[in-house]
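Reader: I would like a close look at a single part of this protein, taken slowly and with the cut-offs spelled out.

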Amino acid sequence: MTPESLKIELQARVAHAVTPREAAVDVMKRLQAHYGWLTDEAVGETAELLGLSHLQVEELATFYEMIYRRPVGKRVIHVCDSISCWAMGGEPLMAHLAQHLGIAPGETTPDGLFTLLPCCCLGNCGEAPTMMIGERQYGRLDRETAGRILEAERESLLSATKEG
Ligand code: FES
């Protein structure tokens with residue numbers, strides 16, 4: 001998508017919102033998808049589109065866990081560390097994922113495929129422990145299932161890279 005057509009798409013989203021702030025997360029997520037993370041340039045574009053200051057956009061961006069102000073891998077793995085998931089094995093799950101990927105929480109794999117991050121409740125407490133990869137949520141995880149999911153994600157990313 002060209003920068004111009006992206007701008008037109010985002011202007012339309014803002015125009016349909018009751019207030020520009022209502023469209024803020026949508027706009028930031030769309031720009032994030034375009035750039036790979038919310039770059040300084042994307043913050044500036046968001047500010048311009050919404051009629052907000054850069055600082056106001058920064059405040060919004062840093063409030064939402066799914067908005068990344070630093071470069072991330074192609075897929076971000078969010079592992080819930082809130083109470084239900086913690087009680088159901090969230091900590092060992094995170095340790096297993098970190099070991100499987102060869103990185104610590106907060107880091108990105110050297111091949112740029114995955115970033116591993118802890119996060120607050122994903123609203124899937126009844127199926128704890130939970131993680132989210134991209135837009136997809138996975139619950140009732142154990143080490144084997146989580147490992148299989150990671151490998152399936154890796155396969156799909158690698159085949160998409162080959163096709164692209
Ligand atoms: S505590 Fe993990 S999804 Fe709610």
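In which sense do strand β1 and strand β3 pair, and over how many bridges? Please go on from there to the rest of the sheet and to what lies across it.

Author: Strand β1 (residues 75–80) and strand β3 (residues 131–133) pair in the antiparallel sense, over 3 bridges, where two strands are taken to pair if DSSP finds at least two bridges between them. Strands here are DSSP runs of E of at least two residues and helices are runs of H or I of at least four, both numbered from the N terminus. One of the bridges can be followed by eye, since Val79 has Met131 of β3 as its bridge partner. Before going further, please keep in mind that this is a predicted model, in which local features need pLDDT of at least 70 and side-chain atom pairs count only at pLDDT 80 or more, whereas totals for chains, interfaces and linings use all residues. Residues are numbered from 1 along each chain as its sequence is written, and side-chain values use heavy atoms, with hydrogens and water left out.

The pair belongs to an open sheet of 4 strands, ordered β2-β1-β3-β4 and mixed in its pairing. At the edges stand β2 (114–119) and β4 (136–138), and each has a single partner strand, so one side of each is left without a neighbour in the sheet. From one strand to the next the twist averages 20°.

Two helices lie across this sheet, and their directions can be given as angles between N-to-C axes, which are lines fitted to C-alpha atoms (for helices over the stretch in contact) and run from 0 to 180 degrees. Helix α6 (residues 90–101) lies across β1, β2 and β3 and runs at about 165° to β2, while helix α7 (residues 143–163) lies across β1, β2, β3 and β4 and runs at about 10° to β3. Contact, in this account, means heavy atoms within 4.5 Å.

For α6, the expected span is 1.5 Å times one less than its number of residues; its 12 residues should therefore span 16 Å, and the end C-alpha atoms are indeed 16 Å apart. Its buried residues are Gly90, Leu93, Met94, His96, Leu97, Ala98 and Leu101, where buried means under 20% relative accessible area, exposed over 50% and partly exposed in between, with a 1.4 Å probe and protein chains only. These buried residues pack against β1, α5 (83–87), β2, β3 and α7. Just after the helix, Gly102 takes a positive phi of about 75°.

The loop between β2 and β3 holds Asn124, which is buried, with a relative accessible area of 16%. Leaving aside residues up to four places away in sequence, Asn124 touches Thr130, Gln137 and Gly139.

To place the sheet in the whole, the domain assignment, which comes from an automatic or database source, gives domain 1 (3–63) and domain 2 (75–163). The C-alpha centres of these two domains lie 27 Å apart. The protein's secondary structure comes to 7 helices and 4 strands, and its elements run α-α-α-α-β-α-α-β-β-β-α from the N terminus on. Of the 164 residues, 40% count as buried, and the C-alpha trace spans about 45 × 40 × 25 Å along its principal axes.
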